[in-house]
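Colleague: Could you take me closely through one part of this predicted model, a pair of packed helices, and then set that part in its surroundings?

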Amino acid sequence: MSDTTQKITLAKGLNMGLRKAMEDDDKVLLMGEDVGKLGGVFRITDGLQKDFGEDRVIDSPLAESGIVGTAVGMAMRGYRPVVEIQFDGFVYPAYDQIVCQVAKIHYRSQGRVKMPIVIRIPFGGGIGAVEHHSESPEAQFAHTPGLKVVACSNPVDGYWMIQQAIACDDPVIFLEPKRQYHADKATLDETVTPEPLFTSRVVREGSDLTLLAYGPMVKTALKAAEAAAGEGRSIEVIDLRTLSPLDMAPVLESVRRTGRAVVTHEAHVNLGMGAELAARITEECFYSLEAPVLRVGGFDTPYPASRIEEDFLPDLDRVLDAVDRSWEF
Amino acid sequence: MTQQPMGETPGFGPDLAEVFGPSQQDGGPELVQLLTPEGERVHHPEFDHDFTAEELRGFYRDMVLTRRIDTEATALQRHGELGIWAQLLGQEAAQIGAGRALRPQDFVFPTYREHGVAWCRGVDPLRLLGLFRGVDQGGWDPNANNFGLYTIVIGAQTLHATGYAMGVQRDGDVGTGDPDRDTAVVAHFGDGASSQGDVNEAFIFAASYNAPVVFFCQNNQWAISEPIERQSRIPLYQRALGFGFPGVRVDGNDVLATYAVTQAALQRARDGQGPTLVEAYTYRMGAHTTTDDPTRYRLSGDVESWKLKDPIARVEVYLRRNGLVDEQFLSDIQAEAAELGHTLREGCKAMPDPQPLSMFDHVYEEQTPELQAQRDGYAAYLETFEGAR
């Protein structure tokens with residue numbers, strides 16, 4: 001390994017990315033519950049308060065609307081707040097501030113007031129948690145004009161994407177797959193030039209079917225593609241990375257080649273990202289499709305008790321089942 | 001269901017009704033007043049203030065012109081030129097007092113009724129009408145006059161004010177002793193909004209960080225049809241104590257007292273002494289908005305009794321009695337008000353509708369390709385019509 005590379009986890013990548021952003025711009029502030037001395041419940045902000053001080057890494061009262069609402073005021077004063085929502089299920093008290101204020105102030109002010117706010121949300125399940133700690137609320141924010149929504153899936157993207165989101169002058173909902181925080185390591189080379197933030201990426205090439213995933217499901221999708229290869233099916237996997245705006249060009253190009261598409265996410269299938277992707281693919285690739293676009297996601301139930309969460313979450317077998325079904329048409 | 005008496009319960013402290021008094025009592029003994037409804041100048045041990053004749057005449061002019069903006073806008077709504085208007089009738093003193101106490105560097109976060117504060121900040125009144133006419137959603141630059149856009153979801157702006165004040169702290173613009181630098185922030189809200197979680201969260205954040213923000217509550221006693229008793233068992237200003245900062249109730253129909261109290265609260269904030277809650281005790285003389293019908297829920301007798309406390313009349317009595325104005329001055333202001341009304345009327349009617357495609361502008365600072373495609377698609381669609389623009 002050369003001097004410019006190191007092996008990092010997603011948690012480390014995000015931590016390093018936040019640190020870099022704070023070094024590069026002293027207007028960047030972090031705020032959230034337990035982000036200071038504790039370093040956040042997932043330790044993403046570990047050590048940052050010690051190095052940047054309590055004025056820049058702010059432990060907030062336990063009130064999510066207050067966190068996002070005060071971030072709006074800080075942004076109006078010229079700061080670039082990065083707020084941490086401790087768990088996905090805790091974002092709803094801030095829903096009004098996000099949807100009615102953060103998303104609309106730039107529009108309402110005819111571009112006179114910028115909202116460079118990043119709202120970090122650890123999302124998704126699979127960690128054996130109690131209620132409200134395993135949700136996937138991305139579609140609710142992707143549905144809201146004025147917000148941009150991205151999801152990282154791996155340590156290297158975590159490092160780059162958080163910096164790019166902070167540099168963005170629009171508000172960004174930044175989704176972090178919490179079960180990946182400490183799961184795998186990847187090699188980061190800080191000297192490379194990253195891809196732009198709002199782009200999707202082919203992470204495994206294939207010719208028979210296009211499998212779309214983001215966040216925690218990218219890993220599952222790659223495993224499914226590997227397993228399918230053993231059965232002679234060549235699956236192309238795309239990590240969407242950006243959910244709003246969607247970067248459809250690589251998706252459409254892929255589906256036109258493969259003729260088949262499956263979308264997978266942990267979120268409920270009904271009116272989820274998969275529904276939007278299926279509609280767009282159908283509109284744009286109708287004559288290339290050999291089968292309908294299929295969706296594999298969480299069921300349309302509340303997130304269940306954790307002892308049965310593996311039945312709720314789409315796994316390798318359910319993704320492969322959908323792949324098989326694509327050939328039944 | 002009517003409110004039950006509080007009463008005393010052994011082990012749970014005193015009868016709170018005796019400690020605080022009811023929320024709706026007529027001002028109460030804690031009410032700060034410097035000019036009585038009869039126009040008599042009275043003094044207050046903590047909040048006294050010497051006003052020059054020039055300042056008093058200025059307050060009078062501000063209030064007359066603000067009322068004219070309000071009546072003109074109401075008339076424009078009746079004529080179909082505005083979709084709706086949120087009237088401030090009766091609240092002129094609270095707004096002018098609060099507005100004139102500001103320094104240029106201070107920043108104001110209004111609700112949708114702060115037309116008088118906007119006037120003090122130098123926002124063109126015509127720009128206020130755009131929102132209510134439906135041609136924009138806030139037609140002024142918040143940073144040009146340090147006056148935020150109107151906020152419709154009640155209470156949301158109190159958090160914005162608190163966050164802005166936290167930014168002021170980080171800029172070091174508090175407690176330097178430099179009167180041109182030290183900065184305060186004002187969050188306007190009403191008695192109805194005081195029930196919102198956001199307002200209470202703003203109190204907590206501001207107290208926790210000792211943020212330089214003044215929470216200015218115009219208690220006009222009505223949240224559309226709901227009286228203040230539905231929002232609070234105790235006078236609103238008393239709530240501040242539970243959050244850990246001072247609260248003051250001022251006669252919101254007394255421009256002198258409102259100025260003096262707000263000015264003192266702003267100075268506390270600028271000096272780094274933290275937040276204050278100012279409850280300006282006033283009365284909404286008109287409807288909630290032009291779509292409301294107060295005859296369905298309140299007695300005309302209540303309104304009549306508040307007419308005797310009119311914020312403008314008492315200043316006029318004081319000015320006349322003390323020989324601080326002459327008829328020429330008063331008629332000049334009436335002429336100025338008439339001219340302002342005319343300007344607003346003509347300006348409002350001349351406001352063009354926005355171009356349909358402008359709805360796609362400014363959704364994002366960096367336009368997204370998919371929204372651009374949607375815009376282009378709609379533009380092409382519009383072109384298919386005969387006589388397309």
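Modeller: The crossing of H7(B) and H8(B) is left-handed, and in this predicted model the two helices, H7 covering residues 156-170 of chain B and H8 covering residues 197-209 of chain B, pack with an angle of about 15° between them and with their axes 7 Å apart. Since angles under 35 degrees count as roughly parallel, H7(B) and H8(B) are therefore described as roughly parallel to each other. On the H7(B) side, the residues that meet H8(B) are Ala156(B), Thr158(B), Leu159(B), Thr162(B), Ala165(B), Met166(B) and Gln169(B), while H8(B) brings Asp198(B), Val199(B), Glu201(B), Ala202(B), Phe205(B), Ala206(B) and Tyr209(B) to the contact. Sorted by class, the residues of this contact are nine nonpolar, three polar and two charged.

The helix pair also has a part in the contact between the chains, to which chain B and chain A each give 34 residues. On the side of chain B that touches chain A, at least two residues apiece are supplied by H6 (142-145), H7, H8 and H15 (369-383) of chain B, and the largest share, eleven residues, comes from H7(B). By class, that side of chain B has 15 nonpolar, eleven polar and eight charged residues. As for the chain as a whole, the domain assignment divides chain B into domain 1 (21-350) and domain 2 (355-389), and the centres of these two domains of chain B, taken over C-alpha atoms, are separated by 40 Å.

Turning to chain A, one finds an open sheet of five strands in the order E9-E11-E10-E13-E14, with mixed pairing. Its edge strands are E9 (201-204) and E14 (294-298) of chain A, each of which pairs on one side only, and the twist from one strand to the next averages 25°. E13 (residues 261-268) of chain A runs parallel to E14(A) and is joined to that strand by four bridges; His268(A), for its part, has Gly298(A) in E14(A) as its bridge partner. Helix H10 (residues 273-285) of chain A packs on this sheet, where the helix touches E10 (209-213), E13 and E14 of chain A, and the direction of H10 makes about 155° with that of E13(A).

Terms used. Residues numbered from 1 in each chain as written. Chains lettered and ligands numbered in written order. Predicted model: local features only at pLDDT ≥ 70, side-chain atom pairs only at ≥ 80, totals over all residues. Axes fitted to C-alpha atoms, helices over the stretch in contact; angles between N-to-C directions. Parallel < 35°, antiparallel > 145°, perpendicular 65-115°, else oblique. Left-handed = near helix turned anticlockwise from the far one by under 90°. Contact = placed C-beta atoms within 7 Å. Nonpolar A, V, L, I, M, F, W, Y, C, P; charged D, E, K, R; others polar. Domains from an automatic or database assignment. Pairing = 2+ DSSP bridges.
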